[in-house]
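Subject: Structure handed over, with notes on what was found

Dear colleague,

Here is the structure I promised to pass on to you. Please open it beside this message, since the notes below go through its parts in turn.

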Amino acid sequence: MPDSNAAAWPWVRARLSGLRPAVRPGSRRPGPGAVVRTAVVTDSAAALPAAYVSGLPPDGILTVTPMPVMVGAEIYGEGEDDILETIAVALAAGTPVKTSRPSPGQFEQAYRAAELRGFDGIVSVHISGELSGTADAARLAAGRVGIPVDVVDTRTVGMAQGLAVQAAVEAASAGAGRSEVAAAAAAQAENTHVFFYVPSLEQLRRGGRIGAAASLLGTMLAIKPILAVDGGRIVPLENVRSAARAVARLEEIVVAAAAPQPDDSVVLAVHHFGNQEEAAGLAARLEAALPGCLPAQISSLPAVLAAHAGLGVLAVIVGRSAQVHGGGGPS
């Protein structure tokens, strides 16, 4: 999740409006006549499914930069190490778990690699700047390379950010120029909500996402919070007194957020940490309530988010497919 010195863990709470339904992010691949001019770079907070990333053409159109996670004195990289189990054990034992932004040098390396592959420009799509300094690191790196780079602060995280990345890849695959690819990412992020439930406030307190007094009061009252993000920051949405009621209420909130849209434009993703079966059940119930939508993408939280949310978290991303405008016009 975000840097340990940044504001709390998130997700966007913007109203779903404005853009026409279209092809779902990530569902399209470059056509035989498309000239791919723009590369996309992101960070591992985007929580992109491994199958999606591995299914892309081997032309370097997408690079995912790992965000470091520190468990005690050890440093791990998302995607480089299988660390979720390590994090789970550390959290249970009270071992400090911290996260950090990627270095500007990591982004510089990714940008130079894209330039060497022949891309004309880059769109770098990142976790909310209110939660991490990742976008700032990307901007620093952009100033060090000759290829033009547009940095997009999605003001969100998880698959809400991931959907924005997928929209950017779609636009780039269709031959869109840099400015169009950046606009596609920003538009998708604006059309996406994230809501999540955490069984305990303790890990958010340890990471500085909520105060000690709020954590103590929540524990004493057995509060099960439902949270969301507004303006790129974490915000409390509702407090519920039981885990079962919290999950039921989370479902209601997601269905209400999706209701104003045609079902066939709804995009769902469900994240979990250590409770895959519960996440699958939640996804099935949401699909039944929204029968026109495609099956939800279900995935573990990336380590950088799990470190701040703690075990047992359930997060639901609900959005609509934004219109992608291809065409390869000038950047």
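A crossing of two helices is called right-handed if the near helix is turned clockwise from the far one by less than a right angle, and left-handed if the turn is anticlockwise. In that sense helix H3 passes helix H4 in a right-handed crossing. Please keep in mind throughout that this is a predicted model.

To begin with the whole chain, it holds eleven helices and 13 strands, and 54% of its 331 residues are buried. Among the contacts between residues at least 6 apart in sequence, 81% join residues that are at least 24 apart.

The parallel sheet

One open sheet consists of four strands in the order S2-S1-S6-S7, with parallel pairing. Its edge strands are S2 (62–65) and S7 (149–153), each of which pairs on one side only, and neighbouring strands are turned by 20 degrees against each other on average, when direction is ignored. Within this sheet, S1 and strand S6 (residues 121–126) run parallel and are joined by five bridges, with Ala-39 standing opposite Ile-122 in S6. Two helices pack on the sheet: H4 touches S1, S6 and S7, and its direction makes about 170 degrees with that of S7, while H5 touches S1, S2 and S6, its direction making about 170 degrees with that of S1.

Ala-39 itself deserves a closer look, and it belongs to strand S1 (residues 38–43). Is Ala-39 buried or exposed? Its relative accessibility is 1%, and because buried means under 20%, Ala-39 counts as buried. Leaving aside neighbours within four places in sequence, Ala-39 is in contact with Gly-60, Ile-61, Ala-114, Phe-119, Gly-121, Ile-122 and Val-123. Its C-alpha atom is separated by 8.4 Å from that of Ser-124, a residue 85 places away along the chain.

Two helix pairs

To return to the crossing named at the start, the axes of H3 (residues 104–116) and H4 (residues 134–142) come within 8 Å and cross at roughly 55 degrees, which means that H3 is oblique to H4. On the H3 side the contact involves Pro-104, Phe-107, Glu-108 and Tyr-111, which meet Thr-134, Ala-137, Ala-138, Leu-140, Ala-141 and Ala-142 in H4. These residues divide into eight nonpolar, one polar and one charged.

The axes of H5 (residues 159–173) and H6 (residues 178–190) also come within 8 Å, but they cross at roughly 150 degrees, so H5 is roughly antiparallel to H6. H5 passes H6 in a right-handed crossing, and the contact is made by Leu-163, Ala-164, Ala-167, Ala-168, Ala-171 and Ala-172 of H5 together with Val-181, Ala-184, Ala-185, Gln-188 and Ala-189 of H6. Of the residues in this contact, ten are nonpolar, one is polar and none is charged.

The mixed sheet

Another open sheet is formed by six strands in the order S10-S9-S8-S13-S11-S12, and here the pairing is mixed. Strands S10 (233–240) and S12 (297–300) stand at the edges with a single partner strand each, so one side of each is left without a neighbour in the sheet. From one strand to the next the twist averages 20 degrees. S11 (residues 266–272) and S12 run parallel and are joined by four bridges, and the bridge partner of His-271 in S12 is Ser-299. Helix H10 (residues 276–289) packs on this sheet, where it touches S11, S12 and S13, and its direction makes about 165 degrees with that of S11. Helix H9 (residues 243–258) lies across S8 (192–197), S9 (224–230), S10, S11 and S13 (314–320), running at about 175 degrees to S8.

The hairpin and its partner

Strands S3 (residues 68–71) and S4 (residues 74–77) run antiparallel and are joined by four bridges, with Val-69 standing opposite Tyr-76 in S4. Their hairpin has two residues between the strands, and in it Gly-72 takes a positive phi near 60 degrees. S3 also pairs in the antiparallel sense with S5 (residues 97–99), over three bridges, where the bridge partner of Met-70 in S5 is Lys-98.

With best regards

Terms used
Residues are numbered from 1 along each chain as its sequence is written. This is a predicted model: local features need pLDDT of at least 70, side-chain atom pairs count only at pLDDT 80 or more; totals for chains, interfaces and linings use all residues. Side-chain values use heavy atoms; hydrogens and water are left out. Buried means under 20% relative accessible area, exposed over 50%, partly exposed in between (1.4 Å probe, protein chains only). Contact means heavy atoms within 4.5 Å. Two strands pair if DSSP finds at least two bridges between them. Axes are lines fitted to C-alpha atoms, for helices over the stretch in contact, and angles run from 0 to 180 degrees between N-to-C directions. Angles under 35 degrees count as roughly parallel, over 145 as roughly antiparallel, 65 to 115 as roughly perpendicular and the rest as oblique. Ala, Val, Leu, Ile, Met, Phe, Trp, Tyr, Cys and Pro count as nonpolar, Asp, Glu, Lys and Arg as charged, and the others, Gly among them, as polar.
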